[in-house]
Amino acid sequence: MNKHVEYTPEGVCARKISFDLEDGKLHNVKFAGGCPGNLAAIGKLIEGQDAEKIAGILKGNLCRGKNTSCADQLSKAIEEND
């Protein structure tokens with residue numbers, strides 16, 4: 001199954017997360033806003049990886065005393081669309 005996802009995160013600096021799901025694998029993960037270097041690195045590191053596995057790894061990752069992070073929001077986007 002192929003699906004393009006556009007997700008609006010909450011409680012983080014990033015304004016949008018987009019990615020493609022192809023047969024349960026993540027592709028083209030992009031963040032609009034947020035910390036550009038770190039978020040681009042996340043996208044490169046998880047390219048082609050199993051979406052469920054990545055959601056499990058990133059879930060609960062927190063940023064600067066917030067109850068979430070851009071990575072945690074990505075896990076939520078994956079879980080809602082996988």
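## Exercises on a predicted model

Let's start with one loop residue: leaving aside neighbours within four places in sequence, Arg15 is in contact with Thr8, Pro9, Ala32 and Gly33. Keep in mind that the model you're looking at is predicted.

### Exercise 1: Arg15

Find where Arg15 lies, and decide whether Arg15 is buried or exposed.

**Solution.**
- Step 1: Locate the residue. Arg15 sits in the loop between β1 and β2.
- Step 2: Check the surface. Arg15 has a relative accessible area of 58%. The cut-off for exposed is over 50%, so Arg15 counts as exposed.
- Step 3: Pick one contact partner, Gly33. Arg15 and Gly33 are 18 residues apart along the chain, yet 5.6 Å separates their C-alpha atoms.

### Exercise 2: The sheet

Work out the order of the strands in the sheet, and say which strands stand at the edges.

**Solution.**
- Step 1: Trace the order. The open sheet has 3 strands, arranged β1-β2-β3, with antiparallel pairing.
- Step 2: Look for the edges. β1 (2-7) and β3 (25-32) each have a single partner strand, so one side of each has no neighbour in the sheet.
- Step 3: Compare directions. On average, neighbouring strands here are turned by 10° against each other, direction ignored.
- Step 4: Go through the pairs. β1 pairs with β2 (residues 16-22) over 6 bridges, in the antiparallel sense, and Glu6 stands opposite Ser18 in β2. β2 and β3 are also antiparallel and are joined by 6 bridges; here Glu22 has Lys25 in β3 as its bridge partner.
- Step 5: Zoom in on the turn. β2 and β3 make a hairpin with 2 residues between them, and Asp23 in that turn has a positive phi of about 50°.

What holds such strands together, in general? Strands of a sheet pair through backbone hydrogen bonds.

### Exercise 3: What covers what

Say how many residues of β2 are buried, and which strands α3 lies across.

**Solution.**
- Step 1: Count along the strand. Of the 7 residues in β2, 5 are buried, so the strand is mostly covered.
- Step 2: Find the helix. α3 lies across β1, β2 and β3, and runs at about 45° to β2.

### Exercise 4: Two helices

Describe how α2 and α3 pack, and list the residues that make the contact.

**Solution.**
- Step 1: Get the geometry. Helix α2 (residues 51-58) packs with helix α3 (residues 70-81) at an angle of about 145°, and their axes are 8 Å apart. The crossing is left-handed.
- Step 2: List the residues. α2 brings Ala51, Ile54, Ala55 and Leu58, while α3 brings Ala71, Asp72, Leu74, Ser75, Ile78 and Glu79.
- Step 3: Sort them by class. You get 7 nonpolar, 1 polar and 2 charged residues.

### Exercise 5: Asp72

Decide whether Asp72 is buried or exposed, and find what its side chain contacts.

**Solution.**
- Step 1: Place the residue. Asp72 is in helix α3.
- Step 2: Check the surface. The relative accessible area of Asp72 is 4%. Buried means under 20%, so Asp72 is buried.
- Step 3: Look for a polar partner. The side chain of Asp72 makes a polar contact of 2.7 Å with the side chain of Thr68.
- Step 4: Add the touching residues. Not counting residues up to four places away in sequence, Asp72 touches Leu58, Lys59, Gly60, Asn61 and Asn67.

How values were computed
Residues are numbered from 1 along each chain as its sequence is written. This is a predicted model: local features need pLDDT of at least 70, side-chain atom pairs count only at pLDDT 80 or more; totals for chains, interfaces and linings use all residues. Side-chain values use heavy atoms; hydrogens and water are left out. Axes are lines fitted to C-alpha atoms, for helices over the stretch in contact, and angles run from 0 to 180 degrees between N-to-C directions. Helices (H or I, at least four residues) and strands (E, at least two) are DSSP runs, numbered from the N terminus. A crossing is left-handed if the near helix is turned anticlockwise from the far one by less than a right angle, and right-handed if clockwise. Contact means heavy atoms within 4.5 Å. Ala, Val, Leu, Ile, Met, Phe, Trp, Tyr, Cys and Pro count as nonpolar, Asp, Glu, Lys and Arg as charged, and the others, Gly among them, as polar. Buried means under 20% relative accessible area, exposed over 50%, partly exposed in between (1.4 Å probe, protein chains only). A polar contact is a pair of N or O atoms within 3.5 Å; within protein, one must be able to donate a hydrogen and the other to accept it, and residues adjacent in sequence count only if both atoms are side-chain atoms. Two strands pair if DSSP finds at least two bridges between them.
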